[in-house]
Amino acid sequence: MSDKSKETVEDDTASYHSGLPGVLGWVDEGIARLEAVLLAAGVLLMAVNTCANVIARFVFGEGFFFSGEINRILIILITFAGLGYAARHGRHIRMSALYDSLSVGPRKVLMVLIALFTSIVMFFLCYHAYGYIETLYSRGRILPALGFEIWWIYLWAPVGFAITGIQYFLTAVKNITSRGVYLSTGVPDGYDDTETEV
């Protein structure tokens with residue numbers, strides 16, 4: 001395993017260190033830890049819930065009546081917590097033919113504009129997700145098996161959009177305050193192909 005691929009593996013752990021100075025770095029690292037806990041707990045709970053339901057079906061001939069709803073809640077959690085994670089680790093999809101053809105100066109300007117625009121879009125979606133939750137709250141719908149109001153499970157949507165918006169804003173700040181071009185606060189621009197590396 002090469003040194004570069006070891007760095008990539010470490011980048012995915014809770015030992016993430018922000019490339020931002022001062023309070024912004026502290027906020028970035030705090031959000032990263034929260035995301036790591038939410039994603040790890042969500043995936044583990046979904047695996048345990050699914051396995052327990054399969055075992056119950058096999059042993060008792062009938063699964064847990066609430067298992068599907070718990071997995072639905074966890075999928076929503078993982079999806080929206082994963083938005084910020086993907087942005088933080090530069091794992092979002094990029095269509096970069098024009099961007100890649102630019103020199104460092106224009107590339108940096110374009111990255112700042114992309115990060116700021118994406119941040120605005122995420123906060124716009126956060127606002128509308130909050131409106132959707134208000135609508136669900138006013139309707140009073142409940143989950144049939146678990147019996148609590150359905151709006152609770154969608155709280156992760158505005159939280160995920162807000163965290164992602166913050167992350168893209170911090171990416172813009174990182175690009176403004178540093179010399180290089182960064183895809184996120186800790187990921188410099190470039191293409192690493194660790195699978196074909198010797």
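Here is a short tutorial chat about reading this predicted model.

User: Let's begin with the overall fold. How many helices and strands does the protein have?

Analyst: Keep in mind that this is a predicted model. A good habit is to list the elements in order before looking at details. Here you'll count six helices and zero strands. Going from the N terminus, the order is α-α-α-α-α-α.

User: And what share of the residues counts as buried?

Analyst: Burial is judged from relative accessible area, and under 20% counts as buried. In this protein, 38% of the 198 residues pass that test. The exposed surface comes to about 12,100 Å², and carbon and sulfur atoms supply 69% of it.

User: What do contacts tell me about residues that sit apart in sequence?

Analyst: You take contacts between residues at least 6 apart in sequence, then ask what share joins residues at least 24 apart. For this protein that share is 70%. A couple of C-alpha pairs make nice examples. Threonine 79 and leucine 39 are 40 residues apart along the chain, yet their C-alpha atoms are separated by 8.8 Å. Leucine 155 and isoleucine 76 are 79 residues apart, with 9.2 Å between their C-alpha atoms.

User: Where do threonine 79 and leucine 155 lie?

Analyst: Threonine 79 belongs to helix H3, and leucine 155 is in the loop between H5 and H6. Both are partly exposed: threonine 79 has 43% relative accessibility, and leucine 155 has 30%.

User: Now helices. What span should I expect for H2 at 1.5 Å a residue?

Analyst: You compare the expected span with the distance between the end C-alpha atoms. H2 has 39 residues, so it should span 57 Å, and its end C-alpha atoms are 56 Å apart, which agrees. Try H5 as well: residues 104-139 make 36 residues, and the helix reaches 52 Å, close to the 52 Å expected.

User: What follows each of those two helices?

Analyst: A glycine, in both cases. After H2 comes glycine 61, with a positive phi near 80 degrees. After H5 comes glycine 140, whose phi is also positive, near 70 degrees.

User: Which helices do the buried residues of H5 pack against?

Analyst: To read packing, pick out the buried residues of a helix and see what they contact. The buried set of H5 includes Met111, Val112, Ala115, Met122, Cys126 and Ile133. The partners of the buried residues are helix H4 (97-100) and helix H6 (156-177).

User: Lysine 108 is in H5 too. Is it buried or exposed?

Analyst: Buried: its relative accessible area is 18%, and the cut-off is under 20%. Leaving out residues up to four places away in sequence, lysine 108 touches Asn175, Ser178, Arg179, Gly180 and Val181.

User: How many salt bridges does a search of the whole structure find?

Analyst: The general idea is that side chains of opposite charge can pair when their charged atoms come close. The search finds one salt bridge. It joins the side chains of glutamate 35 and arginine 88, at 2.3 Å from N to O. Glutamate 35 lies in helix H2 and arginine 88 in helix H3 (residues 67-88), so the pair ties together parts that are 53 residues apart in sequence.

User: Are those two residues buried or exposed?

Analyst: Glutamate 35 is buried, at 2% relative accessibility. Arginine 88 is buried as well, with a relative accessible area of 1%. Beyond residues up to four places away, glutamate 35 touches Ala81, Gly84, Tyr85, Arg88 and Ile163.

User: What about the surface? Which residues form a nonpolar patch?

Analyst: For a patch, look for nonpolar side chains grouped on the surface. Ile55, Phe58, Val59 and Phe60 form one here, with about 540 Å² of accessible area together. Valine 59 is found in helix H2 (residues 22-60) and counts as exposed, at 52% relative accessibility.

User: Last one: which residues does the "transmembrane region" annotation cover?

Analyst: An annotation comes from a record, so compare it with the model yourself, since annotations may be inferred rather than shown by experiment. The unreviewed UniProt entry gives residues 36-58, 70-88, 109-130 and 150-170. In the model, residues 36-58 are 100% helix, with end C-alpha atoms 33 Å apart. Residues 109-130 are also 100% helix, and their end C-alpha atoms are 32 Å apart.

Technical notes. Residues are numbered from 1 along each chain as its sequence is written. Side-chain values use heavy atoms; hydrogens and water are left out. Helices (H or I, at least four residues) and strands (E, at least two) are DSSP runs, numbered from the N terminus. Buried means under 20% relative accessible area, exposed over 50%, partly exposed in between (1.4 Å probe, protein chains only). Contact means heavy atoms within 4.5 Å. Accessible areas come from the Shrake-Rupley method with a 1.4 Å probe; for residues, only the protein chains shown count as cover. The expected span of a helix is 1.5 Å times one less than its number of residues. Patches are made of residues with over 30% relative accessible area and no salt bridge: like charges are joined within 9 Å, nonpolar side chains (Val, Leu, Ile, Met, Phe, Trp, Tyr) within 5 Å. A salt bridge is a side-chain nitrogen of Lys or Arg within 4 Å of a carboxyl oxygen of Asp or Glu.
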